[in-house]
Each structure stands twice: as structure tokens, then as C-alpha cells.
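Me: I would like to go through the charged residues of a structure I have not seen before. Could you show it to me?
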Amino acid sequence: MTKFWATSTGFVLSLAFGLALTGTAYAGEIPTNTEGGMEQSGGKDDSGIYAAARITYSGSVAPNGASGNVTSADVNWTPPPCWYAPYLGAKDFKKKMSKDIERQLNTPGIGSTAGSALTELKRHYEAGYGWSDNPGYEDYNVDKDGEGMFWAGVENPNEPDVLKRNACNDLPFWVDNGEAPPPRYEEAITPQILAALAYQHMQLPDTEVALAPEQTTKVNLPTWAWLDRAVFDEVQATAALNVPGFNLEATTTARPVSLTLEPGTDDALTYPASGECVINNDGSIGEPYARGKANRTPPCGIKYLRSSGNGTYNLQASITWEISWTGTGGAGGDLPDGAFGSTQAVTVQEIQSINR
């Protein structure tokens, strides 16, 4: 149930919005998946409108519209669950909306309340009927076709909370080309929203940490861990929205800053003690093992204190990425650090000694 309020006329009009526009428009269909990126277009069902604005993703992004593999360090940060975006020009909007309204009005058994709401909706777009903060339109603004677009709500298909996903449920509204949506539409698409969506879809590389000894080590023997600079570098993902008279873009950049080691058992020590190995000046992390270093303490590594027996320990190596963004008009800023890790099986054996 979606409601809009005609407070300026002294009464509240409650509209079963699904009769005319089933739910919030949502960006759910992924019609193509080209190399290096994807296009995410509007989705719809049999009786609803869809947001025509296409968000194009490029760079290091997850395929087929899936969320990427970045875990935000800020548990309170989430991507936008919905937003408002350009939908259709005046003539196309009239064709689709008027047809849908008439079909619903002619539905057998439609109740008087729903019928009245649909009639008021028709007046809103055809006869200039409006209310506080919601100006009416004459003939769907057809005389301004090409000079702007109607905007509509778009769902984030990767948002699990259906209530949040449906929160952008205001009626479609008109925005002139080159103009910003009215301030009350706080969820209107911006470079910052695009940056957050690029963050959500970003795919970080699955990097395996180099170990020495490799795969099999000994109890109380330091295991060296490192990542060469050549193994990883900064990662970028871009989200762009381009429609007539409205173009926005944002690029999210992730830079690796540290490596965190979790041995997979409490019977182990990490180097450094925090388990976090910071990035070196040359862009590498840790230090490669070389002959002659056996008695040294590794700057990044692990010492296992107990054998893994007949099994293995699952060493988790997570890279923390510092994430920032830049966008249209010089906009930019920071996003929460992200992390992505992999698991490596490590066999730990007892050191065998021979008594003579």
C-alpha cells in the first residue's frame, strides 16, 4: 500500500498505488553482461511501470548484477535501498500511464475507493490537479516533451529488506533538463549514490598470500607471509547514468593498505601481534623469505604452537582496502574501508627428532 497526501485540500487521499503502478520501479533486469562491465536497466512486471534509466557498470564489478565481494568495515553502512531516477519523457509517460490507469479503471469488480483514487490520479496528470508540494500536470506535460523527464522510484534488487526497497514510493514527478529534482526528494540519484552502488558491485581480486614454508610448516617454526606489489594494485569500479539532459558518473577506487592474518586456531602467534601487516613504502606487504632468515622473526607471519594432526588449519588472509570516490562536477569523498579475504589450508607437523 502506497499513500500520497492531499493536505492542501483538507483531506488525505490514500491510493492503492499498486493498482496503477505495481510497487516501486526497480533496477533488476540485467539484459547484457559485456566484458569489463555490465548494464543494469529498469525492471517491471506485467502491470507496472519500470525505470527506463540505465545504470552502466564498468571496471572490476561482479557479473550479472550480483553484489561484489567487498565487506564494509562500517557495519552501519549500507548501499542505498532505492532512489529516484529519470524514467520517461512526457509523450512516452502519457502513453504508458494513461493506458495503465484506464485498464485498472475498467477492471471488473474494482471497488469505489480504488476507483476514486485512480480517478484522482488521472486528474493529477491530465487536468492539473495537485496538492501541497505536488503540482499537477496538464496532459502529462506533453507540451514540454523533450525538455525534461518524469522521474520514478527505483528499487535496489540487492537490498534484502523489502520495506526499505519500497521506500521510494512517491508518484512519478517531472524534472526539467538541467535542473535538479526538488529538495524533498532526498533519494534522487546523485554521484554519491552512484559511488555507493559501484562500491556494492565492486569485485576485489582473490589474492593468495605467499607463504614460506608453503602449505606445510612445523610447530614453533615461524611461517613467513607476504604479498608482492605486482600481485595486487588499486581496483576501480564505475557507475554511470546517461539519459537525455541528465548525465552522472562516479568512480569508486579501492587501494590495498594492510593484510590481516587469522591462523585458524588459538594455538598460534601472529607477527606482528595484532595480525595486521601494513603496506610497505614500495607497495608490497610483508617480506619474502630467503635463505639465511630462518632464525629471524618475520615482519608478517605466523607461528603455530600445535600440530594440525591429520587435518589442516584454515589460514584466513584478508586485505583491507581504503575506498574513495570521485564523480561528476568534481564531487568526491571517502567510503568505508572494505575487506576481502581468502582461506588457505595449512598443514602443521611436529618436528621429529632422533635420539642416538
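Reply: One definition is needed at the start: a residue counts as buried when its relative accessible area is under 20%. The model shown is predicted.

Me: Is Glu155 buried or exposed, then?
Reply: Glu155 counts as buried, because its relative accessibility is 10%.

Me: Which residue does Glu155 meet in a salt bridge?
Reply: The side chain of Glu155 pairs with that of Arg165, at 3.2 Å from N to O. Glu155 belongs to strand S6 and Arg165 to helix H3 (residues 162-165), so the salt bridge ties together parts 10 residues apart in sequence. Arg165 is also buried, at 19% relative accessibility.

Me: How many salt bridges are found in the whole structure?
Reply: The search finds 11. One of them joins Lys122 and Glu102, at 2.6 Å from N to O. That pair links distant parts of the chain, with Lys122 in helix H2 and Glu102 in helix H1, 20 residues apart.

Me: What about a pair inside one helix?
Reply: Asp100 and Arg103 form a salt bridge of 2.4 Å, N to O. Both lie in helix H1 (residues 90-105), three residues apart, which is about one turn of the helix. Asp100 is buried at 9% relative accessible area, whereas Arg103 is partly exposed at 39%.

Me: Changing topic, which residues form the negative surface patch?
Reply: The patch consists of Asp92, Glu138, Asp143, Asp145 and Glu147.

Me: Where is Asp143, and is it buried or exposed?
Reply: Asp143 sits in the loop between helix H2 (112-126) and strand S6 (148-155). Asp143 is exposed, because its relative accessible area is 66% and the cut-off for exposed is over 50%.

Key:
Residues numbered from 1 in each chain as written. Predicted model: local features only at pLDDT ≥ 70, side-chain atom pairs only at ≥ 80, totals over all residues. Heavy atoms only, no water. Patch = residues over 30% accessible without salt bridge, like charges linked within 9 Å, V, L, I, M, F, W, Y side chains within 5 Å. Areas by Shrake-Rupley, 256 points an atom, 1.4 Å probe, with all protein chains shown as cover. Salt bridge = Lys/Arg side-chain N within 4 Å of Asp/Glu carboxyl O. Lys, Arg positive; Asp, Glu negative; His and termini not counted. Charge placed at Lys NZ, Arg CZ, Asp CG, Glu CD. Helix = DSSP H or I, 4+ residues; strand = E, 2+ residues; numbered from the N terminus. Buried < 20%, exposed > 50% of the residue type's maximum accessible area, 1.4 Å probe, protein only.
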